[in-house]
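The following exercises are to be worked through with the sequence and the coordinates at hand. Each task is followed by a stepwise solution.

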Amino acid sequence: MAPLSLPLSSVLTHSRCLQRAIVFYTALHGLQHRTLTPRLWKRNFGAVAHGVGQLLTHRARAQNYAASACSSSAAGQDMTEKLWSVYKETKKQTEDLIPVISTNSVNPDSIFANNEMSLRDIEIYGFDYDYTLAFYSRHLHTLIFNIARDTLITNHRYPEGLRKYEYIPNFAVRGLHYDVQKALLMKIDAFHYIQLGTVYRGLHPVSDEEVIAMYEGSHVPLEIMSDFYGKSSHGHTMKQFMDIFSLPEMTLLSCVNDFFMSHNIDYEPVHLYKDVKEAIRDVHVKGIMYRAVEADIDKYICYGEQSHAVLKKLSEHGKKMFLITNSPFDFVDRGMSYIVGKDWRDLFDVVIVQADKPSFFNDRRKPFRRVTDKGALLWDRIHRLEKGEIYKQGNLYEFLRLTGWRGSKVLYFGDHIYSDLADLTLKHGWRTGAIIPELRKEIKIMNTEQYMHMMAWLQALTGLIEQMQVHRDAASQAVVEEWIREREAMRAQTKDIFNSQFGSLFRTYHNPTYFSRRLSRFADIYMASISCLLNYNLKHTFFPRRTPLQHESPFWPEHSPTGINISSRLHGTNSD
């Protein structure tokens, strides 16, 4: 699986290689995700050279320290003192490297590759609309939450007291799972393990002990996980929330659960889930959200000029473009007119609205229908898809037959990993690009010195624990246990720095999240917004980073976080 975030840890597969890994990272990865001028390249290369010099200095210092530690051991220095001496030296050398690491931040406007792909091969570009071409402000999530909350009260006879709940912008993150029967919201990693400390019932965390008791551990069996599209159906009790529109739904579920529990009201969690799901669906299906956005488009749509610049660039290079969206024509027309102008349809060779993805990619039965500018549906059979016209529904198989746009010459962008990208990758061989708006915020956090410092020391400390656990005497084990407690506290801090409830969208501590796993499988490339394309030539090739598998040796010898084999310090031998 290609690494998805945490730029430092992504190359620290072997944590005992911290110093050399940092140099390797600086040279091979730190410059990969930015557009460099010669001056910038020179500056960063100088940082690498400086870092190498620092490492050599640290290495010599550590060797001298190891020798002195070994000679003093003959005078009776006990193992506990040796362990703490190694700990302090490792921590000091890690801290000395922070300035070097800090010079190699990741550009949040980069495009990241899970699979090698060249834009030279792409002739046709396809787009979803919502959160791909049109980006929305947080006001939209508040609007969806409020309308759905009021719908529960008005149409489903939920208690009037729910009106006191307001949307909480930073409560949930995308990609979470919801146990429909237990009414629990949680984050699950790529191996189906619940990240303890991220399980919530209502607005309050559930203790690790209770979670382990309910699930007989922290593993979620495959048969109760969400289905292929993240839905809770056919016996699956888990629902995965994968699109950005689901953030207000997760928050509303949590608020209603919180109300019932705080008022000691007995309720059926399955009914609650279905009612909230229906209320959220009504916001979209009944057009309530669409009308509100159209009425105050300045309030809800942002970054329109960047999407326009991308479309203009592709058009100027002679690329064919198409739009496939689940949104209705009036809504798309109003938004695209705001983003591009009244002539926006001139940029696209094919426009399909209300496509009903993901069924669009699988159901061969639905034919295309032409839509007039006034929204009327025509009954004539569609023999070709014409530029400037609007089409509704249809299916991908008919789309392929009418356009001939097949295989890896097509690149389609969308924000929903399942509904937009999965079938295109698995069944049709299109190249896929995921739009992950949260990426920009997470990268900015990872670029902070606070985060880099925490991750560097966390990796170094993990390496110490891994090597020192072989000492089984009581005194040594007490030291290692103290290090383990420090590591656990730091892991909680690295979670909270992204989101105090659920942490990063991409990581469950060390492992990738379930979201990350699906992202790496179904998206060839991913980026924070479509505007990232503006930073690249249309002949650019994206290469995924090659990182060592667990059984592979890295490009540097197996050493401790300080570049020295720690065991040599304790047994009086020099690793060189």
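**Exercise 1. Determine whether Arg157 is buried or exposed, and describe its backbone.**

Step 1. Arg157 counts as exposed because its relative accessibility is 78%; buried means under 20% relative accessible area, exposed over 50%, and partly exposed in between, with a 1.4 Å probe and protein chains only. This is a predicted model, in which local features need pLDDT of at least 70 and side-chain atom pairs count only at pLDDT 80 or more, while totals for chains, interfaces and linings use all residues. Residues are numbered from 1 along each chain as its sequence is written, and side-chain values use heavy atoms, with hydrogens and water left out.

Step 2. Arg157 lies in the loop between α4 (139–155) and β5 (177–179). Helices (H or I, at least four residues) and strands (E, at least two) are DSSP runs, numbered from the N terminus.

Step 3. Although Arg157 is not a glycine, its phi is positive, about 60°. Most residues other than glycine have a negative phi, and most peptide bonds are trans.

**Exercise 2. Describe the backbone at Asp356 and at the bond between Lys357 and Pro358.**

Step 1. Asp356 also is not a glycine and has a positive phi of about 60°. Asp356 counts as partly exposed because its relative accessibility is 34%.

Step 2. The peptide bond that joins Lys357 and Pro358 is cis, with omega about 5°.

Step 3. Asp356 sits in the loop between β12 and β13, and Pro358 is placed in the loop between β12 and β13 (368–371).

**Exercise 3. Trace the strand pairing around β3 and β11.**

Step 1. β3 (residues 124–127) runs parallel to β11, and four bridges join them; two strands pair if DSSP finds at least two bridges between them. Gly126 has Phe322 as its bridge partner in β11.

Step 2. β3 also pairs in the parallel sense with β15 (residues 410–414), over four bridges. There, Ile124 has Val410 as its bridge partner.

Step 3. β11 pairs with β12 (residues 350–353) over three bridges, again in the parallel sense. The partner of Phe322 in β12 is Val350.

Step 4. β11, helix α11 (residues 329–339) and β12 form a right-handed β-α-β unit: with the strands pointing away from the viewer, the path from the first strand over the helix to the second runs clockwise.

Step 5. Four of the five residues of β11 (residues 320–324) are buried. In β3, Ile124 and Gly126 point one way, Tyr125 and Phe127 point the other way, and all are buried. In a regular strand the side chains alternate between the two faces of the sheet.

**Exercise 4. Which side chain of opposite charge is nearest to Asp243, and how far away is it?**

Step 1. Asp243 is in the loop between β9 (238–240) and α6 (246–262).

Step 2. The nearest side chain of opposite charge is that of Lys239, 6.5 Å away; Lys and Arg count as positive and Asp and Glu as negative, while His and the chain ends are not counted.

Step 3. Asp243 is buried and has no salt bridge, that is, no side-chain nitrogen of Lys or Arg within 4 Å of a carboxyl oxygen of Asp or Glu.

Step 4. With neighbours within four places in sequence left aside, Asp243 contacts Arg174, Asp415 and His416, where contact means heavy atoms within 4.5 Å.
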